[in-house]
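This report walks through one protein model, from its strands and sheets to its core and its aromatic rings. Please keep the sequence and the structure in view while reading.

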Amino acid sequence: ISAAAQRPILLSGDDTMALFTAGGRRLLDKAKLPQAFVGKPLLQDLNGDGTTDVLITTVEGVWGYCIEITKGGSAYLRIINGLLASFVVVSFLFEYFEDPSIVSRRSTDA
């Protein structure tokens with residue numbers, strides 16, 4: 001798979017642009033432009049981070065949009081959050097369906 005096949009797809013209209021994954025299946029981000037642009041957007045690495053950024057020329061100026069790619073959260077964090085949520089639900093169900101004939105006593109009760 002070549003690097004060119006992995007580049008995101010940029011769609012632009014009169015005053016908006018949208019960035020899709022290389023396959024076009026998922027919207028990565030969209031932006032509303034402050035003015036209508038003249039000419040084609042220029043795709044170039046503006047800040048030297050290795051990702052292609054967008055440079056747009058309008059009647060009143062030049063706008064640069066730096067694209068930052070962030071990876072999703074770790075699987076470990078998702079697992080811990082899932083276990084915590086499960087614990088809260090199970091604790092609630094135990095309290096909700098507790099037998100009313102059983103009287104809870106605290107260690108400080110006489």
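## The E5–E6 hairpin

Thr-57 has Val-62 in E6 as its bridge partner. Strands, like helices, are DSSP runs numbered from the N terminus, with at least two residues for a strand (E) and at least four for a helix (H or I). Strands E5 and E6 form a hairpin, and 4 residues lie between them. The two run antiparallel and are joined by 4 bridges. Another of the residues facing E6 is Ile-56, which stands opposite Trp-63.

Thr-58 is found in the loop that links strand E5 (53–57) to strand E6 (62–65). Is Thr-58 buried or exposed? Thr-58 has a relative accessible area of 6% and is therefore buried; the term buried covers values under 20%, exposed covers values over 50%, and partly exposed is in between, using a 1.4 Å probe and protein chains only. Leaving aside residues up to four places away in sequence, Thr-58 touches Gln-35, Ala-36, Phe-37, Val-38 and Trp-63. A contact here means heavy atoms within 4.5 Å.

## About the model

The model is predicted: local features need pLDDT of at least 70, side-chain atom pairs count only at pLDDT 80 or more, and totals for chains, interfaces and linings use all residues. Residues are numbered from 1 along each chain as its sequence is written, and side-chain values use heavy atoms, with hydrogens and water left out.

## The chain as a whole

The protein chain contains 1 helix and 6 strands. Followed along the sequence, their pattern is β-β-β-β-β-β-α.

Of the 110 residues in the protein chain, 11% are buried. The chain exposes about 9300 Å², of which carbon and sulfur atoms supply 60%; this area comes from the Shrake-Rupley method with a 1.4 Å probe, and for residues only the protein chains shown count as cover. If contacts in the chain are restricted to residues at least 6 apart in sequence, 16% of them join residues at least 24 apart.

## Two open sheets

One open sheet has 3 strands in the order E4-E5-E6, with antiparallel pairing. Two strands count as paired if DSSP finds at least two bridges between them. Strand E4 (42–44) and E6 are the edge strands, each pairing on one side only. From one strand to the next, the twist averages 25 degrees; axes for such angles are lines fitted to C-alpha atoms, for helices over the stretch in contact, and angles run from 0 to 180 degrees between N-to-C directions. E4 and E5 run antiparallel and are joined by 3 bridges. Leu-43 has Val-54 in E5 as its bridge partner.

A further open sheet of 3 strands has the order E1-E2-E3, again with antiparallel pairing. Strand E1 (9–12) and strand E3 (27–32) are at its edges with a single partner strand each, so one side of each has no neighbour in the sheet. The twist in this sheet averages 15 degrees from one strand to the next. E1 pairs with strand E2 (residues 16–20) over 4 bridges in the antiparallel sense. The bridge partner of Ile-9 in E2 is Phe-20.

## The nonpolar core

Which residues make up the largest nonpolar core? The 7 residues are Met-17, Leu-19, Leu-33, Phe-37, Val-54, Ile-56 and Ile-67. E2 and E5 each supply at least two residues of this core. A nonpolar core is a set of buried Ala, Val, Leu, Ile, Met, Phe, Trp, Tyr and Cys residues joined through side-chain atoms within 4.5 Å.

Beyond residues up to four places away in sequence, the residues that Met-17 touches include Leu-10, Asp-29, Leu-33, Val-54, Ile-56 and Tyr-65.

## Aromatic rings

The structure has 2 aromatic pairs. Phe-92 and Tyr-96 form a stacked pair, 5.8 Å centre to centre with 20 degrees between the planes. Rings of Phe, Tyr and Trp (its six-membered ring) pair if their centres lie within 6.5 Å; planes under 30 degrees apart count as stacked, over 60 as edge-to-face and the rest as tilted. Both Phe-92 and Tyr-96 lie in helix H1 (residues 75–96), 4 residues apart, or about one turn of the helix.

Tyr-96 also forms an edge-to-face pair with Phe-97, 4.9 Å centre to centre and with 90 degrees between the planes. Ring pairs thus link Phe-92, Tyr-96 and Phe-97 into a cluster. Phe-92 counts as exposed because its relative accessibility is 52%. Tyr-96, with a relative accessible area of 57%, is exposed, and Phe-97 is exposed too.
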